[in-house]
Amino acid sequence: MVSNMCESKKAELKPDMTMFYKKLKQKVQEYQEAIQNVGFAKMEYAALKYPPQNEEELLEMVCRIIDTSKELNFIMEQNPSSVYVADAEGKTLRINRNFEELTGLDRKDLLGKETIEIEKNNIFAPSVCSIALREGRRIVALQTIKGAQGEKEYFTAGVPIFDENGELFRVMTNALSIEEMINMTAYWKQTKEKNPLPGFADTLIAESRQMKDILELVDLVKDTESTIIIEGETGVGKSMMARYIHDNSNRRDKRMTEINCGAIPAQLLESELFGYASGAFTGASKKGKEGLIEASEGGTILLDEISELPLLLQVKLLHFLQNKRITRIGDTEEIPVDVRVIAATNKPLETLVEKGEFRSDLYYRLNVVSIVMPPLRERKEDIMPAVYHFVEKYTKLYQKHLQIQQSCIDHLLSKPWKGNLRELENYVERLVVTEGKLSEINKEAEGPVIIEEKVPDEPQTMDDMERKMILEAYHKYGSSYKVAKALGISQSTAYRKIRKYTSPDSE
């Protein structure tokens, strides 16, 4: 009797379990379809079997989805950025730990509350989350948040989140305190000054098409091991180009050594480049000495005026380029050295090869990548950017306030600049030092003083800057509501400031 009753109960439960299995399977399949085009979920989607063939596979998929949910919750909780999430009705759903630490707010006081209600209580002013939800687009604004330490301003971004059907169903915001922004900006500025961005090295001017083409080539080869020859007239910026290549390569953290092959006596050049062993010659250090190639391990060496390299040393340099090993003077041991070689010359090496004054095998070994720097007279687009750069450099150096007159600009553009950038820089320095008042300079310019004193602008106060910002926004948008929206302040604040700066008494 009892046994029959149990069998009857099992029969009643079986259809229910079948229905549960079907509904769960359908839900899992909907989940799979929802994430299949989400790049962030590529690995998860690939790991899920589609569709599950039996109860065991279904259970495995559910477990994997649960593990993923746990993983994402830990990621968002420990995210170094603040995270605040609301649903499509503006109800606060999620707040991570960084948000609490940044704002001083306790999430238990905000979770479940409407963003509009939070804004009315002046905790958020304005609520970037509400604005992003209302407008359905990304919003970045200055937001005041009232936390445990009082009111503080934050740069806040609000991003609407859309589901697989394109429906907005969540909004996420991320806040960054002004102090952090200031510190980051200062760090970026300091870093940029130490490591100039491409195209902004000290005197590497690249406004002309020719120079832009060269920089495109440099971008292709900067991280390779290929040797480079830089050719060009005296003063075109060959050593600056070599420095630019090194500073933008994967060797930037290592040493770059420059050596002028024509400025060092031939009998000393070998020891300078390759070093010498202990007791190699009279007067040498008993410990021996490493050469500049060896000292540049992991970095770059620029061999300027490579055409002046003696033939004997050309053989030794060729051996190094082929084997990446050097031998110190007076030694037999070969030392492996990882150095990228850049050569520079103001003489056409191919012509020297034809004359027998430069080894052809070394020339071909060096000439893997050839960069020909055009003279300044052939890239006039670079003249005025270079002038402004040098004027700024030397007015700061000599603490002068000068500006260029049009007559000076016309004169500078008309000169042939046979000494290229080096001549131009020296010329501008002379103008700055003398303030353009030497008779010979004025005569050359065929006009009045070609550089004149400039009265520095008066520093603006915070009120001046605020006034300018408010009036520009008001003239552009025409209403306090739109001004408030554009500047990320409350409408009442915008209205008060507009009244303040548009009244006759504000002049």
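**Val38, the largest pocket and two sheet regions**

With a relative accessibility of 37%, Val38 counts as partly exposed, because that class covers values between under 20% (buried) and over 50% (exposed). The model discussed here is a predicted one. Val38 sits in the loop that runs between α1 (2–35) and α2 (42–47), and this residue is a good place to begin a tour of the surface.

Val38 belongs to a nonpolar surface patch of about 520 Å², which is built together with Phe40, Leu72, Ile75, Met76 and Met172. The element that gives the most to this nonpolar patch is helix α3 (residues 55–77), with 3 residues.

Val38 turns up again at the largest pocket, whose volume is about 1,500 Å³. The lining of this pocket comprises 35 residues, and those that lie nearest its centre are Val38, Phe40, Leu72, Ile161 and Phe169. Two or more lining residues come from each of α1, α2, α3, β2 (92–95), β5 (150–162) and β6 (168–177). Helix α3 again deserves a mention here, as the largest share of the lining, 9 residues, comes from α3.

Several of these strands meet again in an open sheet. This sheet has 6 strands in the order β2-β1-β6-β5-β4-β3, and its pairing is antiparallel. At its edges lie β2 and β3 (124–125), each of which pairs on one side only. For β3, the partner is strand β4 (residues 139–147), and the two are joined in the antiparallel sense over 2 bridges. Within this pairing, Phe124 stands opposite Ile145 in β4.

Parallel pairing is found around strand β11. On one hand, strand β8 (residues 256–260) pairs with β11 in the parallel sense over 5 bridges, and Asn260 stands opposite Asp304 in β11. On the other hand, β11 pairs with strand β14 (residues 340–345), also in the parallel sense, over 4 bridges. Here Thr300 is the residue that stands opposite Arg340 in β14.

How many residues of strand β11 (residues 300–304) are buried? The count is 5 of 5, so the strand is mostly covered, buried being defined as under 20% relative accessible area. In a regular strand, side chains alternate between the two faces of the sheet. In β11, Thr300, Leu302 and Asp304 point one way, while Ile301 and Leu303 point the other way, and all are buried.

Note on methods
Residues numbered from 1 in each chain as written. Predicted model: local features only at pLDDT ≥ 70, side-chain atom pairs only at ≥ 80, totals over all residues. Heavy atoms only, no water. Patch = residues over 30% accessible without salt bridge, like charges linked within 9 Å, V, L, I, M, F, W, Y side chains within 5 Å. Areas by Shrake-Rupley, 256 points an atom, 1.4 Å probe, with all protein chains shown as cover. Salt bridge = Lys/Arg side-chain N within 4 Å of Asp/Glu carboxyl O. Buried < 20%, exposed > 50% of the residue type's maximum accessible area, 1.4 Å probe, protein only. Pairing = 2+ DSSP bridges. 1 Å grid on protein atoms, 1.4 Å probe; cavity = no way out; pocket = protein on both sides within 12 Å on 5 of 7 lines; lining within 4 Å. Points joined across faces, edges and corners; volume = space filled by probe spheres on them.
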